[in-house]
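Work through the exercises below with the model open beside you. Try each task before you read its solution.

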Amino acid sequence: MSVHFDHFIPNWRTQMEAIGYNVLVLVREGKVKYEINGEEIVAERGDMLFIPKGTRRSGSNYLDSPHQKHTILFTLNTGLGTGIPFLDQGRFVKLRIAGFQYASHRCERLFEEMRGDKSFRSFICLGILQELFGMLAREMEKPELAPMKQSYAQIMRSYLLEHYREPVEIEQLARLIHRSPNYATALFKEVYGQSPIRYMHQLRVMEACNLLLHSDMTVTSIAQYLGYYDTSYFFRMFKKHSGMSPTDFIAQGSQADLSHLFS
């Protein structure tokens, strides 16, 4: 039906009502508070929610602090089984997504497609929505991680998000959680599906994509800004993670599909 991107809206709220459609939410930043059939639910960065049709729901900023989220409204033919339990059962779901960056990217692509009028838009939008359902269903099948493991992984990830432009060694991350380098690497991969160093390079390439399209910086200056002091190495890493060279990426512009970069 529609896709919305709420970008730190002051005093955001929705009235209590029984909704006549299904809702899929991905929280990008901050926290948002919902009342779902009489129960208070607080969702934060990385949380994905499925709110089924007929749910009595209201929403507001959490503690009056704005948030950022994608909201997807859709209908579902209840006469046809999807094979995804929470969809077929019409059951509310709130879950932390391990592939958060990838899910964010797919929501962004869905938002852009819904706003455009290009050919085959409906097929592309349906495919992206189905992929998001599959991601959520797959996450629900995973055994629940111990809270301490989640906490350790989040500490390392937060450090990488803040310092990805700097040289980062596994030993640094291990010291943050007072564990061995091998343990730190294995834990990060268990939680996020990839090694810390690969994640760091992905963050760099994601930023490089943004700078290539939306700045006047040269490829060499972008490489140095992101911590690659050997431009040829930057080219190799960019192509390894994006599937194309920086020059080809610029040529394709915003049409380049880098969904695999965030997986």
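**Exercise 1: a strand in the middle**

Strand E3 (residues 22–29) pairs with E6 over 4 bridges, in the antiparallel sense. The model is predicted.

Task: find the bridge partners of strand E6, and decide whether its residues are buried or exposed.

Solution.
- Step 1. Start on the E3 side. Here Leu26 stands opposite Met48 in E6.
- Step 2. Turn to strand E9 (residues 93–96). E6 and E9 also pair in the antiparallel sense, over 4 bridges. In this pair, Asp47 stands opposite Arg96 in E9.
- Step 3. Check the cover. E6 spans residues 47–51, and 5 of its 5 residues are buried.
- Step 4. Split the strand by face. Asp47, Leu49 and Ile51 lie on one side, and Met48 and Phe50 on the other. Both faces of E6 are covered.

**Exercise 2: the sheet of 5 strands**

Task: give the strand order of the open sheet of 5 strands, and say which strands stand at its edges.

Solution.
- Step 1. Read across the sheet. The order is E1-E8-E3-E6-E9, and the pairing is antiparallel.
- Step 2. Look for strands with a single partner. These are strand E1 (2–7) and E9, so each has one side without a neighbour in the sheet.
- Step 3. Compare directions. Ignoring which way the strands run, neighbours are turned by 15° against each other on average.
- Step 4. Inspect the E1 side. E1 and strand E8 (residues 68–74) run antiparallel and are joined by 6 bridges. Ser2 stands opposite Leu73 in E8.
- Step 5. Add the helices. Helix H2 (residues 100–115) packs on the sheet and touches E1, E3, E6 and E8. The direction of H2 makes about 120° with that of E3. Helix H3 (residues 121–141) packs on the sheet too, touching E3, E6, E8 and E9. The direction of H3 makes about 80° with that of E9.

**Exercise 3: a residue of H3**

Task: is Glu139 buried or exposed? Which residues does Glu139 touch?

Solution.
- Step 1. Place the residue. Glu139 lies in helix H3.
- Step 2. Apply the cut-off. Buried means under 20% relative accessible area. Glu139 has 15%, so Glu139 is buried.
- Step 3. List the contacts. Leaving out residues up to four places away in sequence, Glu139 touches Leu95, Arg96, Ile97, Ala98 and Gly99.

**Exercise 4: the sheet of 4 strands**

Task: in what order do the 4 strands of the other open sheet stand?

Solution.
- Step 1. The order is E2-E7-E4-E5, with antiparallel pairing.
- Step 2. Mark the edges. Strand E2 (13–18) and strand E5 (39–44) each pair on one side only.
- Step 3. Note the twist. From one strand to the next, the average is 20°.
- Step 4. Follow one pair. E2 and strand E7 (residues 56–61) share 4 bridges in the antiparallel sense. Ala18 has Arg56 in E7 as its bridge partner.

**Exercise 5: two packed helices**

Task: describe how helix H4 (residues 147–163) packs with helix H5 (residues 170–177).

Solution.
- Step 1. Take the geometry. The angle is about 135°, and the axes are 9 Å apart.
- Step 2. Classify the angle. H4 and H5 are therefore oblique to each other.
- Step 3. Give the hand. H4 passes H5 in a right-handed crossing.
- Step 4. Name the residues. From H4 come Tyr152, Ile155, Met156, Tyr159 and Leu160. They meet Gln172, Leu173, Leu176 and Ile177 in H5.
- Step 5. Sort this contact by type. There are 8 nonpolar residues, 1 polar and no charged.

Note on methods: Residues are numbered from 1 along each chain as its sequence is written. This is a predicted model: local features need pLDDT of at least 70, side-chain atom pairs count only at pLDDT 80 or more; totals for chains, interfaces and linings use all residues. Side-chain values use heavy atoms; hydrogens and water are left out. Axes are lines fitted to C-alpha atoms, for helices over the stretch in contact, and angles run from 0 to 180 degrees between N-to-C directions. Angles under 35 degrees count as roughly parallel, over 145 as roughly antiparallel, 65 to 115 as roughly perpendicular and the rest as oblique. A crossing is left-handed if the near helix is turned anticlockwise from the far one by less than a right angle, and right-handed if clockwise. Contact means heavy atoms within 4.5 Å. Ala, Val, Leu, Ile, Met, Phe, Trp, Tyr, Cys and Pro count as nonpolar, Asp, Glu, Lys and Arg as charged, and the others, Gly among them, as polar. Buried means under 20% relative accessible area, exposed over 50%, partly exposed in between (1.4 Å probe, protein chains only). Two strands pair if DSSP finds at least two bridges between them.
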